Amino acid sequence: MKRMLINASQPEEVRVALVDGQRLYDLDIESTSHKQKKSNIYKARIARIEPSLEAAFLDYGVERHGFLPFKEVSRKLFKTNQQNDKDSPRLSIKDVLEEGQELIVQVEKEERGNKGAALTTYISLAGRYLVAMPNNPRVGGVSRQIEGDERIEARDIMNELKIPANMGLILRTAGVGKSREEIQWDLDYLTQLWEAIKEASKKQNPPFLIYQESDVIIRAIRDYLRSDVEEIWIDDPEVHKRCHEFMSQVMPHNLNKLQLYKENDPLFTRYQIENQIESAFSREVHLPSGGALIIDHTEALISIDINSAKSTRGSDIEDTALNTNLEAAEEISRQMRLRDIGGLIVIDFIDMLNLSNKRKVENAIRENLHADRARVQLGKISRFGLFEMSRQRLRPSLDDSNHSTCPRCDGQGTIRNVKSLSLSILRIIEEEAMKDMTKKLIIHTPVDTTAFLLNEKRSIISEIQKRLEVEIIIVPDSKLVTPQYSIERFKESDLKSSNSNKASYQLKREAEDHVNNFQFNKNSSIEKPVVSQIIPARKAPKPKNKSGIFKAIISFFQSLFESNQKSPRRHRPNRYRGKNYNKNYKAKNSYNKNKSKRNNRNNSYNKKNKNYSKNNTPNKRHPTDKNNQSSTEVEVKSDQNKSSAEAERNNIKNKQEQMDTNNIN
């Protein structure tokens, strides 16, 4: 039984888990301090245009400006003289936009690291069954995940809808099997929401927040609630009341699934998923057979390494590698959903020699990712055992939203040892002392580093002081840890103005820029949208009851009489056998390209051999083909008659020539 569990007992964090029995297969965590900004709609102002990047930077009310590429700018927002000029040469962003121009934009990708948010002017509004794009009428259709007869039925229903002008629609997977009235109701609600957004954008001067995407609870009920989810458990009365109001407006037929959890035991502990959630935060994930996954995040990609470890299942090493890789393929697809891993992903599978085993692992990943909502692109296992894939980033990953950079190693994962750091500081001391006008150096180092410099390297420091005539003071600082240190350089003018009579233990660091004091400097103020949750103009229509004995009888007879039913789509096997296989193969196009040359060569050969005929020999024809046999016999007889006639003519000519010669004589 599939359930949706919502844990809102802690005010700092809300967790939504989707479980099948006691197995966790999807997770979403949102903290109150970090609200999701993806899909929020803002009224922004163009701050700067960069023609070299073909993009503009927009001020939309956040400390860091957003990035708007030229391809994400709607033609309706161009200058009036460029909107309908389709015959003009390639346009530049500087020709169609100007600084200070006001735009309605939507956050497409959130801020990550040093990168600002990616913005777009093609607004998309997500509903229960539809995704509406008000200013993009060319885009529309049915979700890619809908296939077969359901896709044909969905297209027929989409053609019956009353769609407003200049609006595109995409039918979501939740709209499969719904009636036209239900989908039309969702379209009317999205149209009402877009009209409210347009009206609100005219009330204030930019930048400001117009519309905020729903919180994690409403978003999970809207996106993840399917017919196979039978129960929704919530452990907080206020959240339960808010969900009840939302579902009574949008999906009243699912209200019987909503239930309030009142037990003393924690909700997630009751269903034994706390340990599974903790595995999504760890670097190492253990497999049932004894193997392990090592997941590392880098700036360019995410690497996943598979170790067999204690796995000994299988008759030989090839069988053990195959079983471990198949287990890893299933767990990797699950971990990508739990952590919402996005971007480029490289998986290092255990080496397998058999080509069919590699294809089994590839098919296992493809089948396990079939239920993923994110868009996925898959490669193939290379000869080095690496499997490349990319996954769409639906929301900020657990690593981005819940992890902070280590203040000691700056996220590198390792630190320099005491000897290496001390020698590096010693070289920097000599370099700073050799600069002009240097009279004094004050170095603040960790305690263990200070002990190494003042004992093992005391003679070298004394030699630098005498040779360069620079005063060097090394101060131990208990607040510093191994990779951290600071060096202050004083000139002669600085010594006159400052108080240089202090003892060494009284010297304190003035600047602490090198210390990674991880504090959230983000703006903690919560933005309030102008357009809040809109109540639909009319209630949602009741779904048609498609279940019953009549439907079962009809489906039974259809299965009996429909013999021409299409078989499920099968994956085509990979027939690649290496680059050296069948080297002499010639494509059909290249074969036909030299066809005229071959015909000319055959014609010239036939002219030289007049008596040659293709079907002259009995071995060339099929013994059972009587028509061909009779035709060839006729051709042979005609050729014989022709040759005998020519022989008689030659004899007559020879006789006449002899008679002429005799007459002359």
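**Exercise 1. A salt bridge between two loops**

Is Arg-64 buried, partly exposed or exposed, and at what relative accessibility? Determine this in the predicted model, then describe the salt bridge in which the side chain of Arg-64 takes part.

*Solution.* Begin with the residue itself: Arg-64 counts as partly exposed, at 33% relative accessibility. Next, consider its partner: the side chains of Arg-64 and Glu-111 meet in a salt bridge, with 3.9 Å from N to O. This pair links distant parts of the chain, since Arg-64 lies in the loop between strand 5 (55-59) and strand 6 (66-69), whereas Glu-111 lies in the loop between strand 7 (102-109) and strand 8 (118-120), 47 residues apart. Finally, Glu-111 is also partly exposed, at 32% relative accessibility.

**Exercise 2. Further salt bridges**

State how many salt bridges the structure holds, and describe those of Arg-48 and Arg-180 together with the network that includes Arg-219.

*Solution.* The total comes to 25 salt bridges. In one of them the side chains of Arg-48 and Glu-50 meet at 2.9 Å, N to O; Arg-48 is partly exposed at 37% relative accessibility, and Glu-50 is partly exposed at 23%. In another, Arg-180 pairs with Glu-181, and the closest N and O atoms are 4.0 Å apart. Arg-180 has a relative accessible area of 28% and is partly exposed, while Glu-181, at 38%, is partly exposed as well. The network, for its part, links Asp-26, Asp-28, Glu-30, Arg-219 and Arg-395 through salt bridges.

**Exercise 3. The largest nonpolar core**

Identify the residues with the most contacts inside the largest nonpolar core, the elements that give two or more residues to it, and the surroundings of Leu-130.

*Solution.* The core has 27 residues, and those with the most contacts inside it are Leu-125, Leu-130, Leu-169 and Ile-197. Two or more residues come from each of strand 10 (130-133), helix 2 (149-159), strand 12 (168-171), helix 3 (180-200) and strand 13 (208-211). Of these, helix 3 gives the most, with 8 residues. As for Leu-130, when residues up to four places away in sequence are not counted, the residues it touches include Leu-125, Met-158, Leu-169, Ile-183, Leu-187 and Leu-190, and among them are also Arg-172 and Asp-186. As background, nonpolar side chains tend to be buried together in soluble globular proteins.

**Exercise 4. Strand 18 and its neighbours**

Work out how the side chains of strand 18 are arranged, and how this strand pairs with strand 17 and strand 19.

*Solution.* Strand 18 (residues 302-307) shows alternation: Ile-302, Ile-304 and Ile-306 point to one face and are buried, whereas Ser-303, Asp-305 and Asn-307 point to the other face and are not buried. In a regular strand, side chains alternate between the two faces of the sheet. Turning to the pairing, strand 17 (residues 292-297) and strand 18 run antiparallel and are joined by 6 bridges, with Ala-292 having Asn-307 as its bridge partner. A hairpin of 4 residues joins these strands. With strand 19 (residues 343-348), by contrast, strand 18 pairs in the parallel sense over 4 bridges, and Asp-305 stands opposite Asp-348.

**Exercise 5. Cysteines**

Explain why Cys-406 and Cys-409 are not counted as a disulfide.

*Solution.* The cut-off between sulfur atoms is 2.5 Å. The sulfur of Cys-406 has its closest cysteine sulfur in Cys-409, at 3.6 Å, which is too far for a bond. The count of disulfides is accordingly 0. Cys-406 is partly exposed, with a relative accessible area of 33%, whereas Cys-243 is buried, at 1%.

How values were computed:
Residues are numbered from 1 along each chain as its sequence is written. This is a predicted model: local features need pLDDT of at least 70, side-chain atom pairs count only at pLDDT 80 or more; totals for chains, interfaces and linings use all residues. Side-chain values use heavy atoms; hydrogens and water are left out. A nonpolar core is a set of buried Ala, Val, Leu, Ile, Met, Phe, Trp, Tyr and Cys residues joined through side-chain atoms within 4.5 Å. Buried means under 20% relative accessible area, exposed over 50%, partly exposed in between (1.4 Å probe, protein chains only). Contact means heavy atoms within 4.5 Å. Two strands pair if DSSP finds at least two bridges between them.
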